[in-house]
Amino acid sequence: MAERPPLLLSMQGINKDFLGVPALIDARFEVARGEVHALIGQNGAGKSTLIKVLTGVYQRDSGRIEFDGRQVEFRSPHAAQLAGLSTIYQEVNLVPFRSVAENVFLGREPKRYGLIDWRRMNSDAADVLGRLDISVDVTKPLYECSIATQQMTALGRALATSAKLVIMDEPTSALAENEVQTLFDVIRRLRSDGISVVFVSHRLDELYAVCDRVTIMRDGRTLEDRPMSEISRYELVSRMLGRELAEQLSHRRGEQTSEEVERAEPIVQADELRRGRALDGVSLSVRPGEIVGLAGLLGSGRTETARALFGADPLDSGTVRMHGKQVALRSPRDAVHHKIGFSPEDRKTDGIVPQLSVRENITLALLPRLRRHGIVDRARQGEIVARFIKAIGIKCSSPDQPIRELSGGNQQKVLLARWLCTDPELLILDEPTRGIDVGAKRDIQVLIRQLADDGLAVLLISSELEEIIADSDRVVTLRDGQAVAELTGAAITEEALMQGMATGAAAGSESAT
């Protein structure tokens with residue numbers, strides 16, 4: 001086995017508490033020069049806290065950090081960046097209304113006679129992105145670019161700062177497969193140039209494709225630091241969870257129960273939903289106790305269907321019936337009135353309110369029912385919040401902890417609690433397990449199945465075919481804004497779903513209803 005290169009980063013004995021709750025306990029992390037190093041663990045394992053301690057967002061309580069041969073203590077992200085350490089977050093942290101070039105050189109614009117040298121900045125930005133094989137008009141606003149180009153702009157910014165270590169937090173979550181391969185090529189090029197990369201991802205295939213080494217964290221502690229080639233996928237998952245993962249993540253209900261569900265009247269029946277070019281005649285139904293999966297490629301109309309059923313986007317035409325009676329869903333208020341809940345795809349932008357507490361986020365949709373003479377009944381609110389924190393297993397220091405301090409998996413559980421406390425009949429879940437670890441993912445999948453077993457109608461959207469196949473009783477496949485195929489039970493296979501997405505018809509499918 002080849003000898004490991006000398007260390008660029010060494011973090012030893014790192015401890016960090018928040019309000020008396022330990023987030024890091026004697027954590028350690030080491031990255032060699034020119035190494036692609038995976039950092040993995042469940043949400044809440046301490047990965048993000050460790051990165052924020054390293055980059056100066058948080059100050060450690062104790063421990064030692066050495067970077068590039070000297071002991072350091074960065075007091076701010078800017079100080080870390082000046083030292084050669086750059087972070088690219090899952091949500092691209094740039095300025096959308098500024099140009100691509102301005103984002104590459106934000107805060108470090110080249111000057112001439114005291115003024116910004118626009119020609120040089122644009123030229124240099126084009127050169128930096130050219131190193132990443134990105135050809136783009138660097139003068140246009142960043143928001144007009146694809147997510148992939150925005151990610152590469154963030155990476156170009158890191159290269160323009162002469163970064164020695166680049167931290168990538170879930171960089172592939174919004175990228176198409178060909179864009180992921182382009183990113184991997186860039187990462188390999190960085191490695192060959194001697195630049196180290198810390199790669200945070202929940203997708204195991206990606207880790208094995210591009211990483212040299214892996215550090216596993218759990219409950220704020222560092223469990224292991226090993227070469228990727230010496231640890232199997234099964235062992236990796238088992239170490240993260242702290243238990244064997246032999247059982248199936250979720251189960252399909254028995255044949256008898258399925259027949260009972262099929263005989264029930266639909267909670268919701270949507271017919272010929274149309275909205276611009278996004279929806280072109282989508283029809284579907286969901287019965288009580290049933291999980292209906294919506295499958296399709298990005299742009300197929302999955303999220304648009306969900307938003308239409310929740311009244312978030314007005315329809316051009318089409319009908320929605322609840323319990324057989326036509327209803328008008330002109331706004332989310334109408335949807336909530338008809339006992340529909342909706343957990344959106346982007347929980348940080350459209351779901352949680354980061355400035356508010358766990359308690360306030362859980363009861364947000366319930367507030368009209370909690371008011372007495374215009375004042376919120378705090379005792380009743382506290383009782384409801386405590387019940388759902390316990391029932392769903394939300395990990396927080398107290399109900400008054402800001403939700404932004406929770407892990408992604410616990411934030412997602414708060415969103416589920418928000419709608420469950422309204423006693424919904426239909427729950428629409430758009431990518432409920434995106435960006436969370438396998439442990440929290442399993443918890444949420446089991447919870448969704450339990451809710452369906454208790455009679456709740458669930459409409460589930462996921463980009464992961466495995467999740468759709470494992471969790472759905474019935475799957476409607478969308479393509480170009482149309483429901484093109486429907487599969488039930490054992491007919492729900494990866495091959496059939498992919499055929500439906502590609503051709504508009506799945507083997508053994510029924511007509512969409």
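**Exercise 1. How many helices and strands does the chain have?**

Solution. Let's begin by keeping in mind that this is a predicted model. Going along the chain, you can count 19 helices and 24 strands. Next, look at the overall packing: the radius of gyration is 24 Å, close to the 24 Å that the globule rule gives for 513 residues, so the chain is as compact as a globular protein of that length. For its extent, the C-alpha trace spans about 70 × 55 × 50 Å along the principal axes.

**Exercise 2. Work out what share of the residues in the chain is buried, and describe its contacts and its exposed area.**

Solution. Start with burial, where the cut-off is under 20% relative accessible area. Buried residues account for 52% of the 513 in the chain. Now take the contacts between residues at least 6 apart in sequence: 66% of these join residues at least 24 apart. Finally, turn to the outside: the chain exposes about 23,200 Å², and carbon and sulfur atoms supply 48% of that area.

**Exercise 3. Find the numbers of positive and negative side chains, and how far apart the centres of the two sets lie.**

Solution. Count each kind in turn: there are 65 positive and 73 negative side chains. Then locate the centre of each set; the two centres are 6 Å apart.

**Exercise 4. Is helix α1 mostly covered or mostly uncovered?**

Solution. First find the helix, at residues 47–54. Then list its buried residues: Lys-47, Thr-49, Leu-50, Ile-51, Val-53 and Leu-54. That is six of eight residues, and α1 is mostly covered. One last step takes you past the helix to Gly-56, which has a positive phi, near 85°.

Methods: Residues are numbered from 1 along each chain as its sequence is written. This is a predicted model: local features need pLDDT of at least 70, side-chain atom pairs count only at pLDDT 80 or more; totals for chains, interfaces and linings use all residues. Side-chain values use heavy atoms; hydrogens and water are left out. Helices (H or I, at least four residues) and strands (E, at least two) are DSSP runs, numbered from the N terminus. The radius of gyration is taken over C-alpha atoms; the globule rule is 2.2 Å times the number of residues to the power 0.38. Buried means under 20% relative accessible area, exposed over 50%, partly exposed in between (1.4 Å probe, protein chains only). Contact means heavy atoms within 4.5 Å. Accessible areas come from the Shrake-Rupley method with a 1.4 Å probe; for residues, only the protein chains shown count as cover. Lys and Arg count as positive and Asp and Glu as negative; His and the chain ends are not counted. The place of a charge is taken as NZ of Lys, CZ of Arg, CG of Asp or CD of Glu.
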